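Please open the structure in a viewer and keep the sequence panel visible beside it. The tour below proceeds from the whole chain to selected residues.

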Amino acid sequence: MAVLSVSDGELWRLEVLRDVDRGGLPVSAAAQLLGRNERQVWRLLKAFRSDGAAGLISKKRGRPSNRKTAAAVRAADRAAQLR
């Protein structure tokens, strides 16, 4: 069994989706609690049912940002500042 590291938001999402999966909470109420629309809650619920808690963890975790400036550009900026 792998150890999963989850953020507070992901843990909250897990608790809410467990309630929905058990039938104790309607999807519309879960959508309001999570600040998402019902369609997104259904998508999250599908991921939870197929992959468990691991399905709720951000897929971007451990990857660089799309907005990150390339190292070569940063080095050129530093060189220009030192002149």
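Begin by selecting Arg-61: its relative accessibility is 39%, and Arg-61 therefore counts as partly exposed. The model shown here is a predicted one.

**The first ion pair**

Keep Arg-61 selected and add Glu-10. The two residues form a salt bridge, in which the closest N and O atoms are 2.9 Å apart. This pair connects distant parts of the chain, as its members lie 51 residues apart. Arg-61 belongs to the loop between helix H3 (38–51) and helix H4 (71–82), whereas Glu-10 belongs to helix H1 (residues 8–22).

Is Glu-10 buried or exposed? Its relative accessible area is 7%, so Glu-10 is buried; the cut-off for that class is under 20%.

Next, display the surroundings of Glu-10. Which residues are in contact with Glu-10, once its neighbours within four places in sequence are left aside? They are Ser-5, Leu-56, Ile-57, Ser-58 and Arg-61. The salt-bridge partner, Arg-61, is thus one of the residues to display in this view.

**The second ion pair**

How many salt bridges does the structure hold? There are two. To see the other, select Arg-49 and Asp-21, whose side chains meet at 2.7 Å, N to O. This pair, too, links distant parts of the chain: Arg-49 sits in helix H3 and Asp-21 in helix H1, with their positions 28 residues apart in sequence.

Colour the two residues by accessibility. Arg-49 has a relative accessible area of 52% and is therefore exposed, the cut-off for that class being over 50%. Asp-21 has a relative accessible area of 35%, so Asp-21 is partly exposed.

**Gly-52 and Leu-14**

Move on to Gly-52, which is found in the loop between H3 and H4. With 24% relative accessibility, Gly-52 counts as partly exposed. Now draw a distance from the C-alpha atom of Gly-52 to that of Leu-14: the separation is 9.0 Å, although the two residues are 38 residues apart along the chain.

**Ser-28 in helix H2**

Select Ser-28, which lies in helix H2 (residues 27–34). Its relative accessible area of 36% places Ser-28 in the partly exposed class. Then return to Glu-10 in helix H1 and draw a second distance. From C-alpha to C-alpha, Ser-28 and Glu-10 are 19 Å apart in space, and 18 residues separate them in sequence.

**The whole chain**

Finally, clear the selection and switch to a cartoon view. The protein contains four helices and zero strands, in the order α-α-α-α along the sequence. The C-alpha trace spans about 65 × 30 × 20 Å along its principal axes. The radius of gyration is 19 Å, against a value near 12 Å for a compact globule of 83 residues.

Turn on the molecular surface. The accessible surface is about 6600 Å², and 52% of this area belongs to carbon and sulfur atoms. Of the 83 residues, 23% count as buried. Among contacts with a separation of 6 or more, 50% are accounted for by residues 24 or more positions apart.

As a last step, colour the charged side chains. The protein has 17 positive and 8 negative charges, and the mean positions of the two sets are 11 Å apart.

Methods
Residues are numbered from 1 along each chain as its sequence is written. This is a predicted model: local features need pLDDT of at least 70, side-chain atom pairs count only at pLDDT 80 or more; totals for chains, interfaces and linings use all residues. Side-chain values use heavy atoms; hydrogens and water are left out. Helices (H or I, at least four residues) and strands (E, at least two) are DSSP runs, numbered from the N terminus. The radius of gyration is taken over C-alpha atoms; the globule rule is 2.2 Å times the number of residues to the power 0.38. Buried means under 20% relative accessible area, exposed over 50%, partly exposed in between (1.4 Å probe, protein chains only). Contact means heavy atoms within 4.5 Å. Accessible areas come from the Shrake-Rupley method with a 1.4 Å probe; for residues, only the protein chains shown count as cover. Lys and Arg count as positive and Asp and Glu as negative; His and the chain ends are not counted. The place of a charge is taken as NZ of Lys, CZ of Arg, CG of Asp or CD of Glu. A salt bridge is a side-chain nitrogen of Lys or Arg within 4 Å of a carboxyl oxygen of Asp or Glu.
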